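Here are my notes for anyone opening this entry for the first time. Have a look at the model, then go through the points in order.

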Amino acid sequence: MEPVAGDAMIEEWRHVHNVVVPPAAMDLDDARERAGRNHLENAYLGDVLVGCSTVRPPVGEDAVATVIARVLPGFRRRGFGTALYDKGLAHARVLGARVIETCVLAVNEDGVRFGRARGFVETDRYVLDGETAEWLDMRLEPQ
């Protein structure tokens with residue numbers, strides 16, 4: 001796993017993002033903007049891109065951070081999501097997060113199952129204005 005730096009890595013991060021969440025596909029400028037406000041990482045198997053993650057820094061008096069791990073379909077169920085999630089969670093905690101949330105495209109059954117297996121519970125289900133895709137917000141329950 002490598003922190004995203006420079007346009008080539010931003011483009012790789014964007015590729016994984018767009019494959020995993022096509023309703024929220026973004027262009028390179030959008031991805032650059034994300035890289036400016038969030039911690040982004042890419043995961044590789046050797047030289048092969050397999051996934052990416054996003055950590056949105058903690059906000060509010062509850063210090064809520066968002067940790068999102070994305071793995072390309074052909075590389076799922078091999079531990080990459082767990083590695084991305086664990087590293088993202090650790091980074092969020094270093095930033096001072098006390099509450100962890102994630103966001104999953106509702107049709108991404110693998111992603112929903114992954115979150116639930118790690119203790120996340122659904123807190124909201126919604127469709128963004130003008131869109132048709134359904135999203136789930138999930139919060140990590142205290143252990």
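How are H1 and H2 oriented to each other, roughly parallel or roughly perpendicular? Keep that in mind for point 1, and remember that this is a predicted model.

1. Start with the two helices. H1 covers residues 6–20 and H2 covers residues 28–37; they pack at an angle of about 105 degrees, and their axes are 9 Å apart. Angles of 65 to 115 degrees count as roughly perpendicular, and H1 and H2 are therefore roughly perpendicular to each other.

2. Now zoom in on where H1 and H2 touch. H1 brings Asp 7, Ile 10, Glu 11, Trp 13, Arg 14 and His 17, while H2 brings Leu 28, Ala 31, Arg 32, Arg 34 and Ala 35. Sorted by class, that contact has five nonpolar, one polar and five charged residues.

3. Two of the H1 contact residues, Glu 11 and Arg 14, also form a salt bridge with each other, and their closest N and O atoms are 2.7 Å apart. They sit three residues apart in helix H1, so about one helical turn separates them. Glu 11 counts as partly exposed at 31% relative accessibility, whereas Arg 14 is buried at 19%.

4. H2 has a salt bridge between Glu 33 and Arg 37, with the closest N and O atoms 2.5 Å apart. These two are four residues apart in helix H2, about one turn. Glu 33 is partly exposed, with a relative accessible area of 41%, and Arg 37 is partly exposed too, at 42%.

5. For a link across the sequence, try Glu 41 and Lys 87, whose side chains meet in a salt bridge at 3.2 Å, N to O. Glu 41 is in strand E2 (residues 39–45) and Lys 87 is in helix H3 (residues 80–94), so the pair ties together parts 46 residues apart in sequence. Glu 41 is buried at 6% relative accessibility, while Lys 87 is partly exposed at 34%. Elsewhere, Arg 76, Arg 77, Asp 110 and Arg 113 are joined into one network by salt bridges that share partners. The structure holds 12 salt bridges.

6. Finally, the strands. E7 (residues 134–140) pairs in the antiparallel sense with E5 (residues 99–105) over five bridges, with Glu 101 opposite Arg 139. E7 also pairs in the antiparallel sense with E6 over seven bridges, and there Phe 120 stands opposite Leu 140. Six residues lie between the strands in the hairpin of E6 and E7, where Gly 130 takes a positive phi near 80 degrees.

Notes
Residues numbered from 1 in each chain as written. Predicted model: local features only at pLDDT ≥ 70, side-chain atom pairs only at ≥ 80, totals over all residues. Heavy atoms only, no water. Pairing = 2+ DSSP bridges. Axes fitted to C-alpha atoms, helices over the stretch in contact; angles between N-to-C directions. Parallel < 35°, antiparallel > 145°, perpendicular 65-115°, else oblique. Contact = heavy atoms within 4.5 Å. Nonpolar A, V, L, I, M, F, W, Y, C, P; charged D, E, K, R; others polar. Salt bridge = Lys/Arg side-chain N within 4 Å of Asp/Glu carboxyl O. Buried < 20%, exposed > 50% of the residue type's maximum accessible area, 1.4 Å probe, protein only.
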